[in-house]
Amino acid sequence: MMLVYTPSSPRALRLLLLLLLAAWKAGSGQVHYSVPEEAKHGTFVGRIAQDLGLELAELVPRLFRVASKGHGDLLEVNLQNGILFVNSRIDREELCGRSAECSIHLEVIVDRPLQVFHVEVEVKDINDNPPVFSVSEQKLSIPESRLLDSRFPLEGASDADVGENAVLTYRLSPNEFFILDIINRKDKAKTPVLVLGKMLDREENPQLQLLLTATDGGKPEYTGSVTLLILVLDANDNAPIFDRSVYEVKMYENSANQTLVIWLNASDADEGVNKEMIYSFSSLVPSSIRRKFLMNEKTGEIRVNDAIDFEDSNTYEIHVDVTDKGNPPMVGHCTVLVEVLDENDNSPEVVITSLALPVREDAQVGSVIALISVSDRDSGANGQ
Ligand SMILES: *[C@@H]1O[C@H](CO)[C@@H](O)[C@H](O)[C@H]1NC(C)=O
Ligand SMILES: *[C@@H]1O[C@H](CO)[C@@H](O)[C@H](O)[C@H]1NC(C)=O
Ligand SMILES: [Ca+2]
Ligand SMILES: [Ca+2]
Ligand SMILES: [Ca+2]
Ligand SMILES: [Ca+2]
């Protein structure tokens, strides 16, 4: 710095020598101390005067002073005992952020003769920051159809400390479905990953709540946690079902058009379109039945659509399908057995077969003159 100075007098030469000496001292005999961050005011850092080879008595007369770029008042020297102590709060995270090394550089200056000393005070990290997650609740939507071993990366926590105090380990609250895996990437934070260990079932557990906890490696350790809210999305894994496989109904013949035969109700454990369903006659149902009955595909009502005649047919077997609107759709089945009851809708029919007509006047009592036969198409008492 001042070496360009050309010595022209003995006094100037002496000054130059002193400067060279100071520079040499600073270069070779650097003094190092260390102090933990957040140390209390007055905490002892080092016997700075002694370590620099200065007498206590000369500190004041030689205008002993300490300069530090930017953070002047963090450390101070007691001129009575030559001790460097902590003067105000030293926060390593504020001073050095995430860098592993953190120190305060001090320049100690005395006059007469002028000497400059360099002192490094290393600020040691203490574990004063817990791991933090950027949100308190992380939401995940996972379809119930996801296969085992499916992986779902999560956002990890961060810890403002350094070294061990910022090394995080993760654990997951006990649960049936997920296990935790950790991806370690070089020079990168660990990524916690949820791994599916048991198939989800929306119908049983539509929503799961887990707790992910991060613990740092400090002593004592700190923890931070995040709630994982898992919404299980529906898959069409349930067919609509009827509560019975066979329904038996009885109805009178000649029932009015649109008379309700049966109102079917299927149910489907899924959600949304996966539980919306359409009722229909199965493809096995012959057209003769399709003509007589009408299925309301939305409501499941089967109504009369044509004349029902006991004498024509007294039972109907109707196979019904119910199909949901899922993709792919699933189908449920049932059978409706309709028994038609007789009504007295046929008059007896009389048929007369005459044998001997005209009848002779002298016909004997008891002669057969005609055969009368009566029939009735109805059954039971209606036909007797
Ligand atoms: C279907 O539901 C309707 C309306 O709730 C009800 O009237 C009908 O009896 C039900 N059908 C069966 C077969 O349970
Ligand atoms: C019964 O009603 C339906 C709808 O109103 C109609 O289409 C059908 O022709 C009717 N059947 C008879 C036999 O009247
Ligand atoms: Ca920490
Ligand atoms: Ca710290
Ligand atoms: Ca379904
Ligand atoms: Ca489902």
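Contact here means heavy atoms within 4.5 Å. Keep that in mind for a threonine later on. One caveat up front: this is a predicted model.

Let me start with that threonine. Thr-213 sits in strand β13. What does Thr-213 touch, leaving aside residues up to four places away in sequence? One group is Thr-169, Tyr-170 and Arg-171; Thr-223, Gly-224 and Ser-225 complete the list. Is Thr-213 buried or exposed? Its relative accessibility is 10%, and buried means under 20%, so Thr-213 counts as buried.

Now the metals. Take the calcium ion that is ligand 3. Which atoms coordinate this ion? Asn-127 gives OD1. Asn-129 and Asn-165 each give a backbone-type label, O. Asp-159 is listed twice, through OD. Asp-161 and Asp-216 also bind through OD. The distances run from 2.2 to 2.6 Å. Along the sequence, the donor residues follow the spacing N-x1-N-x29-D-x1-D-x3-N-x50-D. Within that set, Asp-161 and Asp-216 link distant parts of the chain, 55 residues apart. Asp-161 is in the loop between β9 (151-153) and β10 (169-172). Asp-216 is in the loop between β13 (207-215) and β14 (223-233). Both of these aspartates are buried.

Next, the calcium ion that is ligand 4. Its donors are Glu-37 (OE), Glu-93 (OE, listed twice), Asp-125 (OD), Ile-126 (O), Asp-128 (OD) and Asp-161 (OD). Here the range is 2.2 to 3.0 Å. The spacing reads E-x55-E-x31-D-I-x1-D-x32-D. Asp-128 lies in the loop between β7 (115-124) and β8 (137-143), and Asp-161 in the loop between β9 and β10, so this pair ties together parts 33 residues apart in sequence. Asp-161 has a relative accessible area of 0%, so it is buried. Asp-128 is at 23%, so it counts as partly exposed. Note that Asp-161 appears in both donor lists: for ligand 3 and for ligand 4.

Last, ligand 2. Which residues surround ligand 2? They are Asn-257, Gln-258, Asn-305 and Asp-306. By class, that shell has no nonpolar residues, three polar and one charged. Now the polar distances. From Asn-257, a polar side-chain atom lies 2.4 Å from an oxygen atom of ligand 2. For Gln-258, a side-chain N or O atom is 3.0 Å from a ligand oxygen. Asn-305 uses its backbone: an N or O atom there lies 3.1 Å from a nitrogen atom of ligand 2. As for cover, ligand 2 on its own has 360 Å² of accessible area, and the protein covers 36% of that.

Note on methods. Residues numbered from 1 in each chain as written. Chains lettered and ligands numbered in written order. Predicted model: local features only at pLDDT ≥ 70, side-chain atom pairs only at ≥ 80, totals over all residues. Heavy atoms only, no water. Donors = N, O, S within 2.8 Å, 3.2 Å for Na, K, Ca; no water. Helix = DSSP H or I, 4+ residues; strand = E, 2+ residues; numbered from the N terminus. Buried < 20%, exposed > 50% of the residue type's maximum accessible area, 1.4 Å probe, protein only. Near = heavy atom within 4 Å. Polar contact = N/O pair within 3.5 Å; in protein donor to acceptor, adjacent residues only side chain to side chain. Areas by Shrake-Rupley, 256 points an atom, 1.4 Å probe, with all protein chains shown as cover. Nonpolar A, V, L, I, M, F, W, Y, C, P; charged D, E, K, R; others polar.
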